[in-house]
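Let's work through a few salt-bridge exercises together. Have the structure open and try each task before reading the solution.

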Amino acid sequence: MASTVSFTLTSRRRRRAGRFLATAGLVIGLLFILLPIFWLLETAFQKPRDAFTVPPHFIFLPTLENFRSLVHGQFAGSLLHSVILMTGSTAVALLLGVPAGYALSRSRFRGSRAITAWLIGAYITPALIYIVPLYVIYQQLGLTGSYLSMILYYETFQMPFTIFMTRGYFTDIPRSFDESAWIDGCSRWLAFRKVILPLALPGIATVAILDAIGAWGEYFGALIFSSPSTETAPVAIYQYVGLDVSNWSALAAAALFVVVPIMVLTAVAQRGLVRGITAGGLIG
Amino acid sequence: MARASSSDATRAATPADRGVTGQAAATLDGRPVPGRGGVAVLARIRRWLDRRFFVLAPLPGFVLVAAVTLVPIVLGIYLSFTNYQPIHPTYQWSGLVNYRGLVHDPQVHQAVKNTVIFAGFGLVIEMILGVGLALLLARPARGISVFRTLYVLPLMVAGIASAVAWRALLNTSSGWINYLFSVVGLPQPNWLASPHTAMPSVLLADVWSGAPTVAIIVLAGLLAMHKDPVEAARVDGATDWQIFLRITLPALRPVLAFAAVFRLVDLFRQIALFQVVTGGGPGLATTVLNFFVYQTTFVFGELGYGAALAVLLIVMMIIPLALFARLARRSA
C-alpha cells in the first residue's frame, strides 16, 4: 500500500516536472523566435537617432515618423509596384493554372504522373537556375525592367504551385459530380464552371493567397529584373541596406510594410497554410 | 471512350448546345439562347472544343510552365558552353572552357564545401529542434494554441525582413545579441566579420525560420496520428521515451522524410541571408554555390561561367530532387 502511494506520488511529481520543463522549453524557444520581430517593432517605432544605440531603449515613446516619411517618399511607389505585380502574377497563375489543375485531377493518362513530377521539380529548382537564362532572353528581347518580365519570372514558381495545389483540391471532389452534371446536359466547360469550381473555391482562395504571399515577399528575382520604375518593396529595402545603413529605423519600418500584409493574408488563409507548406498534402 | 461518346449523344439534345435546340431553351446561365443560322456553326465549333476540354483547358497553363521553366533550363545549359557577358551581348561558343575552369577554380571548391556545410548542419539542427518543438507543441496543455500561433510567425516574415533584422541583431558594436552577451558578461564576438562565426551566424538566422517550418509539418503529422497505440503502450507501462522511439517515430517516418527533403531543398536555395547579412564574406567564408552563381553572373558579369556554375548547382541538387521524387511516388 505504502509503496503504491509513493509510486503515484513520484510519478505525479515527475509528470509535473515534465510539464514544467516543456513549458520552459517553449518559452525559451519563443524568446528566440520573437527576438527579430521585437527588433523590427522596437526600431521601426523609434526616432532614428534613438534606434540602434547601446544599451537599447526598450522603453520609449513610439513614433510613426518613420512610416510617415516612407509613405511620402519613394517607398510608396515601390509598394504600388509590389501590389501591381502581386495582383498581375497571381491572376495569371490562377487563370491558367486552375483549369490545368482541374484537368490533371481528372485525367488518368500515362503522362499525368510525369507532368506532376515535372511541376514539383520546376517548383523546387533554385530561382537562379531560371534567372540567369531569363536575363539573357529579356536582354535580347528588350524586356528588362518591365512588369511583363517580372510576372513571367514569378510564374516559374506560381504556376507549378497553383497547378499542383489546385489539382489536390479538385481531387477531393468526387468524379461522380462531374459525371452527373454531364448526364444532366452540362457541357464539360459548364460542369467545370458551375458545379466543380464553386466547390473548389475555398481551396482556390487559399492557393490565391499563398500565391500572393509568394509574389509579395519575393526578393531575389525582383532585384535582378526590376528597374527603378518597377522596383518592388523588398528590393527597395535592400537598397536601403546598401545606401543608408545608419537609418535602421526607416529600414525596420519598411520591413514591417512588407511583413504585416503577409501576416494579415496568412491569418485569412490559416487553415490552408499547413497544406501549402507541405506542398498540397504531398504526404497526405 | 465509350463513356465519352454516350455523354456526347446525351448532350446533343440538351439546352447547353445553344442554337441547336431553338429559341425556347435557355442555357444553364439563364441567358436566352440566340437564334439559329450562323450560330449553328458556332455551336458546332463549341461542341468540338468542348469534346477536347481536358486537352485544351490545361494547355495554356502547361505551355506557360514550359516557357518559363523548360526553355530557360535548356538555354542555360547552352549558355554554359559560351562566354556570354551581359555588358556586350555578343558571344562565342567556348566549348568546355567554363567547365574546365570550374573544376580547377579554388573559389568553386570553397563554395561547394560551404554549401555542403551550410545545408548539412542546417538540416540536422533544424530537424532536431523542429521535431522537439513539434513534440512540445503537440501536448494538450492549456494555452498551447497561443504557442502554436506564435511559433508560426517566422514563416510569415519575408526573407528580406528577417535578413535585415539578423544583420542588425548580430552587429558587433550595437547589436542586441552582443548587448545581451555584455550584460551576462560573455565576450562579444565579431559575428559577421570573423571567418569562424560568420557561417554559424547565417545558420542561426536560417534555423530561426527553418526549425519552426519543420515543427509545423511534424505537428500536423503528430495531430493526425492515431492515439490508440500510444494509449495501449502507456497502459502496458511503456515509458515516454520508449513510446517516442517505438511508436511515434516510426509512424512519423514519411512526414519526417518529407520535412527533411523540403528543408534540404530550401537550404540549397537560400540566398537573401547570404547577400544581406554577410555578402558571402568575410573572404569566401559564407559564399555558397547559389550565391556564387549570382556574384559571377551579375556582379562580375561572367554570365557564361555563371551558367556553368548553375548547372553544377543542379547536379548537386539531384540527390535531394531524386529523394523528393521518390517521396512523391510513394504517396501517390
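**Buried charges**

Glu126(B) counts as buried, at 0% relative accessibility. Keep in mind that this is a predicted model.

**Exercise 1.** Find the partner of Glu126(B) and work out which parts of chain B the pair ties together.

*Solution.*
- Start with the contact: Glu126(B) meets Arg263(B) in a salt bridge, 2.7 Å from N to O.
- Next, place the two residues. Arg263(B) sits in helix α12 (residues 240-269) and Glu126(B) in helix α6 (residues 106-138), so the pair ties together parts 137 residues apart in sequence.
- Now check burial: the cut-off is under 20% relative accessible area, and Arg263(B) comes in at 5%, so Arg263(B) is buried.

**Exercise 2.** Look at Asp206(B) and say what its salt bridge with Arg263(B) ties together.

*Solution.*
- The closest N and O atoms of Asp206(B) and Arg263(B) are 3.1 Å apart, and the two form a salt bridge.
- Asp206(B) belongs to helix α10 (residues 198-224) and Arg263(B) to helix α12, so this pair links parts 57 residues apart in sequence.
- Asp206(B) is buried too, at 1% relative accessibility.
- Zoom out: Glu126(B), Asp206(B) and Arg263(B) join Asp266(B) and Arg269(B) in a network of salt bridges.

**Exercise 3.** Switch to chain A: which residue forms a salt bridge with Arg106(A)?

*Solution.*
- It's Asp178(A), with the closest N and O atoms 2.9 Å apart.
- Arg106(A) is in helix α3 (residues 75-106) and Asp178(A) in helix α7 (residues 175-183), so parts 72 residues apart in sequence are tied together.
- Arg106(A) is buried at 10% relative accessible area, and Asp178(A) is buried at 1%.

Key. Residues numbered from 1 in each chain as written. Chains lettered and ligands numbered in written order. Predicted model: local features only at pLDDT ≥ 70, side-chain atom pairs only at ≥ 80, totals over all residues. Heavy atoms only, no water. Salt bridge = Lys/Arg side-chain N within 4 Å of Asp/Glu carboxyl O. Helix = DSSP H or I, 4+ residues; strand = E, 2+ residues; numbered from the N terminus. Buried < 20%, exposed > 50% of the residue type's maximum accessible area, 1.4 Å probe, protein only.
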